[in-house]
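Thanks for sending this one over. Here are my notes on the strands and aromatic rings, point by point, to read with the model open.

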Amino acid sequence: MGQIPGDTDFAAVAAVLADPGRARMLLALGDGRALAASTLAAEAGVAASTASAHLARLVDAGLCQVERHGRHRYYRMSGAEVGELVEALARLAPAAPVRSLREGSRAHAVRTARTCYDHLAGQLGTAIMTALLERRILAGGDGAFDASAAQRDRLSAAGWDHDYRLTGTGRRWMDDFGVTVPPGSRRPLVRYCVDWSEQRHHLAGALGAAVLARLIDLNWLRRSPTSRAVHVTREGQRGLADTFGVETA
């Protein structure tokens with residue numbers, strides 16, 4: 001008779017994340033991109049040899065995957081569920097201390113607009129979610145997160161306990177706006193995350209990823225090369241205001 005598995009051992013994952021260096025590496029990978037080991041070492045503020053040990057732990061725990069390109073190794077999050085885990089932990093974690101103007105500017109940018117794995121989060125992400133609901137492009141909730149109600153009334157996991165769905169009007173709107181969900185995707189079309197900095201819902205799932213991709217293709221948003229932050233371009237200021245009624249200037 002084979003071994004019978006017990007309950008989940010989330011302490012094993014917690015032990016991997018308990019090291020500040022590994023936590024910083026995982027945050028740096030929060031935009032879904034693959035980064036070189038040297039870049040992640042700099043992000044964590046550790047030597048290359050220490051970074052290799054940290055990255056091996058993250059890979060062994062299933063939190064990251066490694067890609068080899070020639071002699072170089074690049075690392076990325078294993079999937080959207082890891083990004084959701086990071087976002088959930090961030091809602092409970094205290095704010096990191098800000099010790100310089102540079103760190104303050106970076107923290108502000110991350111809270112204003114950032115990627116949550118492959119979809120948009122922060123103030124901009126929640127504002128767009130609200131706009132989609134107000135325009136009846138999405139239905140099934142109001143974008144608000146009520147922690148007490150969630151604990152009292154809903155037993156299922158965050159991201160599933162609201163029935164957000166794309167309306168008929170919304171499907172036509174997405175087509176007109178040029179949002180394309182890759183065919184054959186096994187991901188749910190509409191999911192949401194509870195945004196850790198705004199304590200509201202932002203759009204996730206295959207549709208959330210497709211909306212972010214479209215905003216980048218339009219050059220309304222530009223990724224930061226050094227963090228999860230995304231920056232609104234001048235075209236984006238006009239486009240977001242005209243399309244979603246979201247002012248970013």
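1. A word on pairing before we start: two strands are taken to pair if DSSP finds at least two bridges between them. Please keep in mind too that this is a predicted model. With that rule in hand, look at strand β1 (residues 35-36) and strand β3 (residues 72-77), which run antiparallel and are joined by two bridges. One residue to find there is L35, whose bridge partner in β3 is Y75.

2. Strand β3 also pairs with strand β2 (residues 64-69), again in the antiparallel sense, over six bridges. Here R68 has R73 of β3 as its bridge partner. The two strands make a hairpin with two residues between them, and G70 in the turn has a positive phi of about 65 degrees.

3. Further along the chain, strand β8 (residues 191-194) and β9 pair over four bridges, in the antiparallel sense. V194 is matched with H201 in β9 as its bridge partner. This is a hairpin as well, with six residues between the strands; in its turn, Q199 has a positive phi of about 55 degrees.

4. Which way do the side chains of β9 (residues 201-204) point? H201 and L203 point one way and H202 and A204 the other, and all of them are buried. In a regular strand the side chains alternate between the two faces of the sheet.

5. Now the aromatic rings: a search of the whole structure finds five aromatic pairs. One of them is Y164 with Y192, an edge-to-face pair at 5.5 Å centre to centre, with 80 degrees between the planes. Y164 sits in the loop between α8 (147-153) and β7 (165-166) and Y192 in strand β8, so the pair ties together parts that are 28 residues apart in sequence. Why does Y164 count as buried? Its relative accessibility is 5%, and buried means under 20%. Y192 is buried too, with a relative accessible area of 3%.

6. Another pair worth a look is F177 with F244: the ring centres are 5.9 Å apart and the planes lie at 85 degrees, so the pair is edge-to-face. It links distant parts of the chain, with F177 in helix α9 (residues 168-177) and F244 in helix α11 (residues 234-244), 67 residues apart. F177 counts as buried at 12% relative accessibility, and F244 is buried with a relative accessible area of 3%.

7. Finally, try displaying W173, F177, W220 and F244 together, since these four form one aromatic cluster.

Methods:
Residues are numbered from 1 along each chain as its sequence is written. This is a predicted model: local features need pLDDT of at least 70, side-chain atom pairs count only at pLDDT 80 or more; totals for chains, interfaces and linings use all residues. Side-chain values use heavy atoms; hydrogens and water are left out. Buried means under 20% relative accessible area, exposed over 50%, partly exposed in between (1.4 Å probe, protein chains only). Rings of Phe, Tyr and Trp (its six-membered ring) pair if their centres lie within 6.5 Å; planes under 30 degrees apart count as stacked, over 60 as edge-to-face and the rest as tilted.
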